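Me: Please take a close look at one part of this model: the nonpolar core and what surrounds it. Start at a loop, then work inward.

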Amino acid sequence: MINFTNRTHYFISSTPTDMRKGCEGLANIVREFMERNPLDYNEAFIFYSKDYRKVKILHYDINGWVLYSKRFTEGKFLKPEFMESKKSHEISRETLILLLSTSVQTKIAI
């Protein structure tokens, strides 16, 4: 499972992302679109594909990038439904685990 510290803050993009992007491409999205610092090791950034079958989490560990990736073979990523219009939304670790482990096609309000 994802091994972050208790201080880690999780930010999910409010729009789908091109899953062909690697660490540098996702870091640019964090800088330019989400307006956050991708090198902050107390933050992790969650991206999902347009079809909700792929998820990536970008995190900068003390000495380099870590990129977690999940591809659903059955079902889909639990589609987030945002209550307000923002470029990114902070979510809890528990919500992240729920989003990654539930492969139903319902919505969750964030």
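**From a loop to the core**

Reply: Proline 16 sits in the loop between β1 and α1 (23-32). The model is predicted. Proline 16 counts as partly exposed, because its relative accessibility is 38%, and buried would require under 20%. Leaving aside its neighbours within four places in sequence, proline 16 is in contact with Tyr48, Ser49 and Lys50. Lysine 54 lies 38 residues from proline 16 in sequence. In space, C-alpha to C-alpha, proline 16 and lysine 54 are 10.0 Å apart.

Now the core itself. The largest nonpolar core has 16 residues. Within this core, Ile46 and Phe77 touch the most other members. Four elements each supply at least two residues of this core: β1 (9-13), β2 (43-48), β3 (54-61) and α2 (93-101). Apart from this core lies another, of 10 residues. Met19, Leu26, Ile29 and Leu58 are among the members of that other core.

Take isoleucine 46 next. Its neighbours within four places in sequence are left aside here. Isoleucine 46 is in contact with Tyr10, Phe11, Ile12 and Ser13. Val55, Lys56 and Ile57 are also contacts of isoleucine 46. So are Ile91 and Leu96.

Leu96 leads to α2. Buried residues in α2 are Leu96, Leu99 and Leu100. Seen down the axis of α2, the buried residues fall within an arc of 95°, so they line one face of the helix. On the other side of α2, Glu94 and Ser101 are exposed. Leucine 98 is also found in helix α2. Leucine 98 counts as partly exposed, because its relative accessibility is 36%. Phenylalanine 77 is 21 residues from leucine 98 in sequence. C-alpha to C-alpha, leucine 98 and phenylalanine 77 are 9.6 Å apart in space.

That leaves α1. Leu26, Ala27, Ile29 and Val30 are the buried residues of α1. They cover an arc of only 155° around the axis, which puts them on the same side of α1. What covers the buried residues of α1 includes β2, β3 and β4 (64-71). Two of these buried residues return to the cores: Leu26 and Ile29 are among the 10 residues of the core that lies apart. The strands β2 and β3 each supply at least two residues of the largest core, and both are included in what covers the buried residues of α1.

How values were computed
Residues are numbered from 1 along each chain as its sequence is written. This is a predicted model: local features need pLDDT of at least 70, side-chain atom pairs count only at pLDDT 80 or more; totals for chains, interfaces and linings use all residues. Side-chain values use heavy atoms; hydrogens and water are left out. A nonpolar core is a set of buried Ala, Val, Leu, Ile, Met, Phe, Trp, Tyr and Cys residues joined through side-chain atoms within 4.5 Å. Buried means under 20% relative accessible area, exposed over 50%, partly exposed in between (1.4 Å probe, protein chains only). Contact means heavy atoms within 4.5 Å. The arc is that of the directions from the helix axis to the C-beta atoms.
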